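Trainee: I should like to go through the salt bridges of this model. May we take them pair by pair?

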Amino acid sequence: MSKKGSLKKQIVSRLEQMKAWDPKTGYSESRHEWKKAYNEKFKANDPRGSKLNIPEKIFSSNSFQAAMQDSMRFHDFLKEKGIKSIDKIKVAHATEYLNRRIKEGKRPTTVSRERNSLAKLLGLKNCAEIPAKIPQNTRDNIYKSRPDEIGNKSTLNPTEGKYKEVVEFARGTGLRRSEVERVKPENFYRDNGQLKMHLRGKPENTKGARPRTVTVRKDYESYVEAKINETRENGYSRIISTLTENGQISGSLDVHGYGRRDFAWNRYITLSRPLNQIPKEDRYWTRGFGKGNNLCFDKKALREVVRDLGHGEGQLGKVVSNYLL
């Protein structure tokens, strides 16, 4: 064994060094500001474009856990190859490993995530530097969060039983499972007669720690307000204590399939204009979606839905393929 320790120890150490958040407070650095500073230093030091020795960072605990799990599977592959030092890992190793995963039948989204993780481990600026031939993901390949289609692996039917209230709340608010667990009565307020909810980012564990304001579905306002009032009357700090018996949600509950998709469709239908009233520049046409190909959507309405769901700017296609088709 080298002075650096085992290969597994070296991998864990490298990933630990990439953490970009304070373990005491849980608050992360701004990914946007870090990339901005990275690019400025990159251009200032070497305008020819060679890579600077600036380590990649990981900006959320969920991303760190995924990178660790993916790297440990990669570690087992490296042991087969006789690799004992992290400095001996080549891009060719990562490429061969990912191509093997593809042959094993792993989904394109899984292999893409693994490529991102290995790019961080290898210190690459862009995951495209690992030239694995990942198949294009299509709607026909997606089963997660589609409860009405064959292949959904959710082990719980939330339309009845102890999680019925959780799904109803998600249908009205569009929250993710982790967000439902953390949202509080004080997150809700009235604005021009509409019930809205503001999530501040990290305290509510939003994806990417992005704050957002959500408009509650009109037909669910009375239901959501009733749960808010019930939470306050019982002296609970979080609404989840009103929705479930133990204040927790099983990881097997498919909130996306039974709640968020329903919310997204309702919000889009409420906001969208008739096709003949949508200007040409505001028309979003689907391309390469298989069964959902050559359909027209209202870009203006889609942008509102993207914001309500908490996705990043420019994610219109992702919302269409995952929620509306």
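Trainee: Is R101 buried or exposed?
Mentor: This is a predicted model, in which local features need pLDDT of at least 70, side-chain atom pairs count only at pLDDT 80 or more, and totals for chains, interfaces and linings use all residues. Residues are numbered from 1 along each chain as its sequence is written, and side-chain values use heavy atoms, with hydrogens and water left out. Buried means under 20% relative accessible area, exposed over 50%, and partly exposed in between (1.4 Å probe, protein chains only). R101 has a relative accessibility of 11%, so the residue counts as buried.

Trainee: Which side chain meets that of R101 in a salt bridge at 2.6 Å, N to O?
Mentor: A salt bridge is a side-chain nitrogen of Lys or Arg within 4 Å of a carboxyl oxygen of Asp or Glu. R101 lies in helix α4 (residues 91–103) and its partner in helix α5 (residues 108–122), 13 residues apart, where helices are DSSP runs of H or I with at least four residues, numbered from the N terminus. The partner is buried too, at 1% relative accessible area. The side chain at 2.6 Å is that of E114.

Trainee: Which residues are linked with R101 and E114 in a network of salt bridges?
Mentor: The network contains both R101 and E114. The residues linked with them are D70, R73, E104 and R113.

Trainee: What is the relative accessibility of E179?
Mentor: The side chains of E179 and R176 meet in a salt bridge at 2.9 Å, N to O. R176 is buried, with a relative accessible area of 8%. E179 also counts as buried, because its relative accessibility is 0%.

Definitions and conventions:
Helices (H or I, at least four residues) and strands (E, at least two) are DSSP runs, numbered from the N terminus.
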